[in-house]
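This report looks at pockets and at one helix in a protein model. The structure comes first, and the description follows.

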Amino acid sequence: MSSANRIIHVVLTGGVGSRLWPLSRKNQPKQYLDLFEGKSLFELTLERNAAVADDVVVVGNRDNSHLTENVMKKLAIPFTHIIEATPRNTAAAIAFAAFNAHPDDILIVTPSDHIIEGDKQYKAGLDQAIALAKNNFLVTFGIQPLRPETGYGYIEFDGDTVLAFHEKPNLEKAISFTESGRFLWNSGLFCFKAGFFLEELKVQEPELYKSAQLVWQDNVDGLLNYELSLKIPSISVDYAVMERSKNIKVVATHFEWSDLGSFEAVYDYLMQNGHSADVNGNIVIGSDVHTAFVGLEDCLLVHTPDALLVLQKKHSQGVKEVYQQLELSGSCLI
């Protein structure tokens with residue numbers, strides 16, 4: 001493969017994982033927690049794409065850069081490290097990786113905190129996406145819905161054609177989407193040529209393109225300038241490019257996927273993998289102390305040395321509000 005056709009795995013590591021507090025903190029976000037047979041979600045993400053990728057680019061922030069360095073040193077993987085001075089959302093993060101690449105390089109863009117099972121199905125999805133990307137399409141990956149989910153965006157599709165993107169729906173709409181068979185969960189996984197993505201970004205969001213380019217041109221060994229970064233509009237890649245481009249394709253995937261973005265997802269994953277639970281489906285995370293649940297069903301008790309969280313699985317989205325309250329009060333617990 002020529003240098004102009006490299007496959008580059010771009011890993012986005014900037015998230016805090018506020019809906020998984022108190023396990024996930026600013027100084028130890030969920031993607032770095034060794035919760036999966038001694039491995040982190042970040043490590044699993046790297047392993048999953050190693051067979052396809054010629055190079056790895058990690059885009060993160062100053063707060064987690066040392067955590068990234070530790071993992072990459074442990075795995076002995078050479079990589080390019082782009083360190084954002086301040087979060088500017090996913091459109092800018094991906095743009096930095098694209099500016100760093102040759103225009104014909106194909107970027108496989110993944111978050112660092114997803115669980116994916118089914119190696120053959122995942123590889124088949126990547127192969128399909130890479131083929132489409134070579135023909136100048138921006139490719140997104142859609143997940144077959146397992147349930148009416150209000151925490152994800154949806155992609156309305158026909159074959160590999162995207163008919164429409166839909167924001168996170170209410171429960172009634174989510175049920176309708178799931179039953180129709182014409183909708184996929186929006187996974188946050190992407191594939192495209194670096195240069196083609198930048199061309200589309202320049203058309204759709206010229207201010208973002210220009211300001212991100214100036215920041216990249218000023219980078220010092222991948223470290224980005226704070227004052228210049230503040231001028232970049234904070235916009236998601238979905239809104240900036242994917243929802244507005246006419247050159248979009250979707251790969252309807254067949255692997256098992258979870259973004260582990262809530263304790264409901266963590267609960268389901270742990271239960272599928274043999275985590276201990278009582279007769280009413282209550283579980284404990286982070287403690288071996290005998291715990292009894294009375295009159296409760298499908299609850300989690302989450303223990304860390306400095307915090308306890310008790311919640312019903314179905315109310316897992318509310319954990320973000322706890323995090324936000326702690327953040328507003330200036331608590332050291334975040």
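In this predicted model, helix H4 gives the most to the lining of the second largest pocket, with four residues. The other elements that give two or more residues to that lining, alongside H4 (119-134), are helix H1 (41-49), strand S5 (115-117) and helix H10 (263-272). Of the 20 lining residues of the second largest pocket, Phe36, Leu44, Ile115, Glu117 and Tyr269 lie nearest its centre.

The largest pocket has 50 lining residues, and the closest to its centre are Gly15, Arg19, Asn89, Thr90 and Asp113. Two or more residues of this lining come from each of strand S2 (55-61), helix H3 (89-100), strand S8 (161-166), strand S9 (183-193), helix H9 (237-242) and helix H11 (319-328).

The table sets out volume and lining classes for both pockets.

| Pocket | Volume | Nonpolar residues | Polar residues | Charged residues |
|---|---|---|---|---|
| Largest pocket | about 1600 Å³ | 15 nonpolar | 22 polar | 13 charged |
| Second largest pocket | about 500 Å³ | eleven nonpolar | two polar | seven charged |

Helix H1, which contributes to the lining of the second largest pocket, can also be described by its burial. Is H1 largely enclosed by the rest of the structure or largely open? H1 is largely enclosed, because seven of its nine residues are buried. The buried residues of H1 are Leu41, Phe42, Glu43, Thr45, Leu46, Arg48 and Asn49. They pack against three strands named here with their ranges or by label, S1 (7-12), S2 and S4 (106-111), and also against S5, helix H2 (65-75) and H4.

Key:
Residues numbered from 1 in each chain as written. Predicted model: local features only at pLDDT ≥ 70, side-chain atom pairs only at ≥ 80, totals over all residues. Heavy atoms only, no water. 1 Å grid on protein atoms, 1.4 Å probe; cavity = no way out; pocket = protein on both sides within 12 Å on 5 of 7 lines; lining within 4 Å. Points joined across faces, edges and corners; volume = space filled by probe spheres on them. Nonpolar A, V, L, I, M, F, W, Y, C, P; charged D, E, K, R; others polar. Buried < 20%, exposed > 50% of the residue type's maximum accessible area, 1.4 Å probe, protein only. Contact = heavy atoms within 4.5 Å.
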